[in-house]
Amino acid sequence: MSVSQAIFHTALLDPTAAIPEGLLDADAHPAGRRFSVYRNNVAVSLTEAMHQAFPVITKLLGAQNMDGLSGIFLRQHPPSSPLMMFYGEEFPGFMAGMEQLSHIGYLPDVARLELALRRSYHAADSEPASADALAVPPEDIMRARLGFVPSMQVLHSDWPIYSIWRFNTEDGAPKPGPGAEDVLITRVEYDPAPHLLPAGGAHWIAGLQAGQTIGDAFEETAAQFPEFDLGATLALLLQGGAITSVTIERLAT
Amino acid sequence: MLDDTLLSNRLPPAPGVGYKPQHFAQILEHAQPVEWLEIHAENYMGDGGRPLAQLRHLSEQFPISVHGVGLSIGGEGPLDPDHLARLKHLIGWLNPASFSEHLAWSTHDSHFLNDLLPLPYTNATLARICEHIDQVQETVGRQMLLENPSSYLAFEESTWSEPDFLREIARRTGCGLLLDVNNVFVSATNLDFSPQGYIDAYPLEKVGEIHLGGHDEDEDDHGHPLLIDSHGREVVDPVWALLDYVLERSGPKSVLIEWDTDVPDWPILRAEADRAQAALDRVPV
C-alpha cells in the first residue's frame with residue numbers, strides 16, 4: 001500500500017480523516033495514534049507561531065480562545081512559504097469574516113498593526129536622511145517629494161488601534177477612547193515602534209508614497225481632514241528616521 | 001555528482017550549539033562561549049533588521065552552520081525555486097562552515113506544514129531525493145549534509161533500511177551526512193531496532209556533523225514506548241552513551257546541542273556543550 005503525500009497531507013490537516021493505510025507501528029499494526037504525533041506537531045507548531053505573531057490579539061482573546069481560533073485558521077490558511085516570520089497575512093481578513101467575532105470589530109485592524117510591526121522588524125536596513133534634510137526655505141518644502149525607508153509602515157483604522165495596542169502592551173497606558181486612529185510605525189535601529197499620527201496622516205503619507213509633493217498631498221488631505229497637522233506629522237517621520245530622501249524640483253527659470 | 005573540490009565542511013571537531021537570539025549578549029560576553037553555532041536558515045531570510053545584523057556579527061567570530069528546515073527535499077513535487085534562491089543568497093553572503101537539510105518533506109501543494117514529515121524508503125523516493133539534492137548542491141555551489149529523521153511510524157512499502165538508504169544517497173549525489181544520534185535513539189525505541197546495530201550499518205565516514213537533543217516520552221495505542229523528538233530538554237544518558245559508541249568508531253566530529261523549545265538560560269546550554277566536549281575528549285586519537 002503506497003501512501004502519497006497528498007493523502008498524508010489531507011489526513012494531517014483534517015483530524016476527522018481516516019489515518020492513511022500502509023503506515024505501521026513496530027509490530028506491523030496500523031500506526032494509529034502514532035500518526036497523531038505528526039498531526040499534533042503541525043497544529044501545535046503553527047498555533048505557537050500564531051501566538052508569537054499576534055501577542056496583542058492573544059491577550060485580547062485569551063490564550064485558550066486564540067488556540068481555538070488558530071486551529072481553524074491554520075487549517076484554512078496553512079503557511080504558503082517556509083518563512084514563518086511572515087505567517088498570518090490572511091489572519092485579519094479571516095477574523096473579519098468570523099461571525100462570532102463581529103462584536104469585537106477592532107480585532108482585524110489590531111492584527112494588521114501586529115503584522116505591520118513584524119514586516120517592519122524584518123524590512124531591509126537603510127540610511128535615513130540627515131535631520132536637517134528638511135531645513136530648506138518654506139516655499140521649497142511644499143515642492144519637495146520624500147522617499148521613505150522600507151521599515152516604515154502606515155495604517156489607517158476606523159478604530160482606536162494605537163490606543164488599544166498601547167493599553168495592552170504598556171503598563172499604565174490610558175484606557176482607549178472611541179474614534180478612528182492612524183498609526184505610523186518607524187524603526188530606530190532594530191526596534192519598530194508604533195506612533196499615533198494626526199488625523200489625515202495616513203492619507204497624506206499615502207499621497208507622498210504615490211509620488212505627490214508635500215504641498216499637493218497637503219492640499220488634498222486638508223480638504224478631507226481640515227485639522228490635519230503637517231508639522232507634527234513631519235516631525236514624527238524625522239524623529240523615526242523614516243525619510244531617506246528629500247527631492248526638491250526647481251522651477252524652470 | 002558533486003565535484004570533490006566543492007567538499008567544504010569546515011566545522012571544527014568540537015561542540016557547538018543551536019543559536020537562539022536570547023543568548024546573543026551572553027555568547028559575546030562569555031570568556032569561553034562555544035566553538036561554533038548553528039542557525040536555522042529560514043529565520044535569516046528576511047530583508048534586514050536585527051536577525052541579520054546579529055548573524056553578521058556572530059559570523060565574524062564563530063564558524064556558522066546553516067541548517068535548513070524548510071526545503072522539503074523529500075517532497076513529491078519540484079523544489080520551490082524561490083526558496084532555493086533564498087538559500088543560495090544566504091549561503092552566498094554568509095559563506096557558512098557547513099550547510100545541512102533533512103531527509104523529510106514539509107511542503108505539499110504550496111502548503112508548508114512546519115514539520116519534518118516521513119518518507120517511504122523506496123527506489124522511487126531514492127531517485128527523487130537524489131535529483132533534488134543534485135539540484136540543491138548545483139544551485140548553492142557546495143556540498144550539503146543530509147540528516148536522518150526521528151521516526152514515529154514505518155511505511156509498509158519501504159524496501160530499504162534507513163542506513164542503506166542514506167549511504168546510497170551519499171554515494172549517488174556526493175552529499176555528506178548529518179548524524180542525529182538522538183533521532184537514531186528515538187527511532188530505534190519507537191520501531192524496535194538496535195541503535196548500535198543502526199550505527200554499525202551507517203556510513204560514519206560520510207558524517208560531517210552530529211546532532212544531539214532532548215526528547216519527550218509518550219506511548220502508543222498498545223502501550224509501546226513512543227519517544228517524541230522535541231528539542232525541549234537535556235540530552236538523556238542513553239543518548240550520551242550512544243554518542244560515545246559513535247565517536248569510538250568515527251573519531252572526533254563536530255557535535256551540536258539542539259534546544260529549540262523551552263530554551264534554557266545560557267549556562268544550562270553551555271553545560272550540555274561541556275558534556276559533549278567531555279565525550280570528544282574520551283575519543284582515542
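# Chains A and B: interface, one helix, one sheet

In this model, 38 residues of chain B are in contact with 40 residues of chain A. The model is predicted. The points below cover the contact between the chains, helix α8 of chain B, an open sheet of three strands in chain A, and two residues with positive phi that are not glycines, A:A28 and B:N95.

**The contact between the chains**

- On the side of chain B that touches chain A, at least two residues each come from α2 (50-59), β5 (105-108), β6 (111-117), β8 (154-155), α6 (181-191) and β12 (225-229) of chain B.
- Of these elements, β6(B) gives the most, with six residues.
- By type, the residues on this side of chain B are 14 nonpolar, 13 polar and eleven charged.
- Strand pairing also links the two chains: β1 (residues 23-24) of chain A pairs with β8(B) in the antiparallel sense, over two bridges.
- Within that pairing, A:L24 has B:A154 of β8(B) as its bridge partner.

**Helix α8 of chain B**

- Helix α8(B) covers residues 237-250, which is 14 residues.
- From its first C-alpha to its last, α8(B) reaches 20 Å, close to the 20 Å expected at 1.5 Å a residue.
- The buried residues in α8(B) are B:V239, B:L242, B:L243, B:V246 and B:L247.
- Seen down the helix axis, the buried residues of α8(B) fall within an arc of 140°, so they line one face of the helix.
- An α-helix has 3.6 residues a turn, so residues three or four places apart point the same way.
- B:D237 and B:E248 lie on the other side of α8(B) and are exposed.
- The cover over the buried residues of α8(B) includes β9 (176-180), α6, α7 (195-201), β10 (207-213) and α9 (266-281) of chain B.
- Helix α6 of chain B thus appears twice, in the side that touches chain A and in the cover over α8(B).
- After α8(B) comes B:G251, with a positive phi near 80°.

**The open sheet of chain A**

- Three strands of chain A make up an open sheet, in the order β3-β4-β5, with antiparallel pairing.
- The edges are β3 (153-157) and β5 (191-197) of chain A; each has a single partner strand, so one side of each is left without a neighbour in the sheet.
- From one strand to the next, the twist averages 25°.
- Strand β4 (residues 181-188) of chain A is joined to β5(A) by seven bridges, and the two run antiparallel.
- A:T186 stands opposite A:A193, which is in β5(A).
- Helix α9 (residues 201-209) of chain A lies across β3, β4 and β5 of chain A and runs at about 135° to β3(A).

**Positive phi outside glycine**

- A:A28 is not a glycine, yet its phi is positive, about 65°.
- The loop between β1 and α2 (33-53) of chain A holds A:A28.
- A:A28 is exposed, with 8 other C-beta atoms within 10 Å.
- B:N95, also not a glycine, has a positive phi of about 45°.
- B:N95 sits in the loop between α3 (81-94) and β4 (98-102) of chain B.
- B:N95 counts as exposed because it has 12 C-beta neighbours inside 10 Å, and a residue is exposed at 12 or fewer.

Technical notes:
Residues are numbered from 1 along each chain as its sequence is written. Chains are lettered from A and ligands numbered from 1 in the order in which they are written. This is a predicted model: local features need pLDDT of at least 70, side-chain atom pairs count only at pLDDT 80 or more; totals for chains, interfaces and linings use all residues. Two residues are in contact if their C-beta atoms, placed from the backbone, lie within 7 Å. Helices (H or I, at least four residues) and strands (E, at least two) are DSSP runs, numbered from the N terminus. Ala, Val, Leu, Ile, Met, Phe, Trp, Tyr, Cys and Pro count as nonpolar, Asp, Glu, Lys and Arg as charged, and the others, Gly among them, as polar. Two strands pair if DSSP finds at least two bridges between them. The expected span of a helix is 1.5 Å times one less than its number of residues. A residue is buried if 20 or more other C-beta atoms lie within 10 Å of its own, exposed if 12 or fewer, and partly exposed in between; C-beta atoms are placed from the backbone. The arc is that of the directions from the helix axis to the C-beta atoms. Axes are lines fitted to C-alpha atoms, for helices over the stretch in contact, and angles run from 0 to 180 degrees between N-to-C directions.
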